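I sat down with this one to see how the chain is put together, going from the outside inward. Here are my notes, in the order I looked things up.

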Amino acid sequence: MENYAGRCHCGSVSWSFAPSVQAVLKCHCNNCRKLQGSDYSTWVVVPSDQFSLTSGHEQVSRYTTGVSSRSFCSQCGTTVFLNNGKHFPEATIVPLGLIENFDDALAPQAHVYSSDKAGWVVIPESEAILS
């Protein structure tokens, strides 16, 4: 299987990763909601040694808080990847919506931080909740 690939909105920053994904999660935590400006975010957790920034190194800016960081394109502001040192210290986490060649293997597997979810979000009974 070919690597997955993605890029920011303006195309300045691109990356790829091997299809050895650890998890695909819908996160409802307050940090993800604020950083993404949405009611929840969907992330693909990839082993860091399988992730490669393929272009735009000089365009990547980083915002760090505690043991985690968010890397984004300095041109368009798109979050291109993040690192979560608390829950996934050996992984790089990418927004599902940026993957250009996504397929059914990347269907979200579970919801996390559901106790922080926005009141209008309804999680179907058929979807797993991890926290």
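**Surface and overall form.** I began with the surface: the protein chain exposes about 7200 Å², and carbon and sulfur atoms supply 49% of that area. I used Shrake-Rupley areas with a 1.4 Å probe, where for residues only the protein chains shown count as cover. A note to self: this is a predicted model, so local features need pLDDT of at least 70 and side-chain atom pairs pLDDT 80 or more, while totals for chains, interfaces and linings use all residues. Residues are numbered from 1 along each chain as its sequence is written, and side-chain values use heavy atoms, leaving out hydrogens and water.

Next I checked the dimensions. The C-alpha trace spans about 40 × 35 × 25 Å along its principal axes. The radius of gyration (over C-alpha atoms) is 14 Å, which agrees with the value near 14 Å for a compact globule of 131 residues; the rule is 2.2 Å times the number of residues to the power 0.38.

**Secondary structure.** I found one helix and 11 strands, in the order β-β-β-α-β-β-β-β-β-β-β-β. These are DSSP runs numbered from the N terminus, with helices (H or I) of at least four residues and strands (E) of at least two.

**One open sheet.** I then followed three strands in the order S1-S2-S5, with antiparallel pairing; a pair needs at least two DSSP bridges. Strands S1 (4-7) and S5 (51-55) are the edges, each pairing on one side only. Four bridges join S1 to S2 (residues 14-17), and Tyr4 stands opposite Phe17 in S2.

**Cores.** Where does Phe17 make its contacts (heavy atoms within 4.5 Å)? Beyond four places in sequence, Phe17 touches Asn3, Tyr4, Val44, Val46, Gln50, Phe51, Val94 and Ile99. Phe17 is also one of the members with the most partners in the largest nonpolar core, which has 18 residues. A core here is a set of buried Ala, Val, Leu, Ile, Met, Phe, Trp, Tyr and Cys residues joined through side-chain atoms within 4.5 Å. A second, separate core of 12 residues includes Leu25, Cys29, Cys32 and Trp43.

**Val24.** Is Val24, in strand S3 (residues 23-27), buried or exposed? Val24 counts as buried because its relative accessibility is 0%; the cut-offs are under 20% for buried and over 50% for exposed, with partly exposed in between (1.4 Å probe, protein chains only). Past four places in sequence, its contacts include Trp43, Val44 and Leu106.

Methods
Contact means heavy atoms within 4.5 Å.
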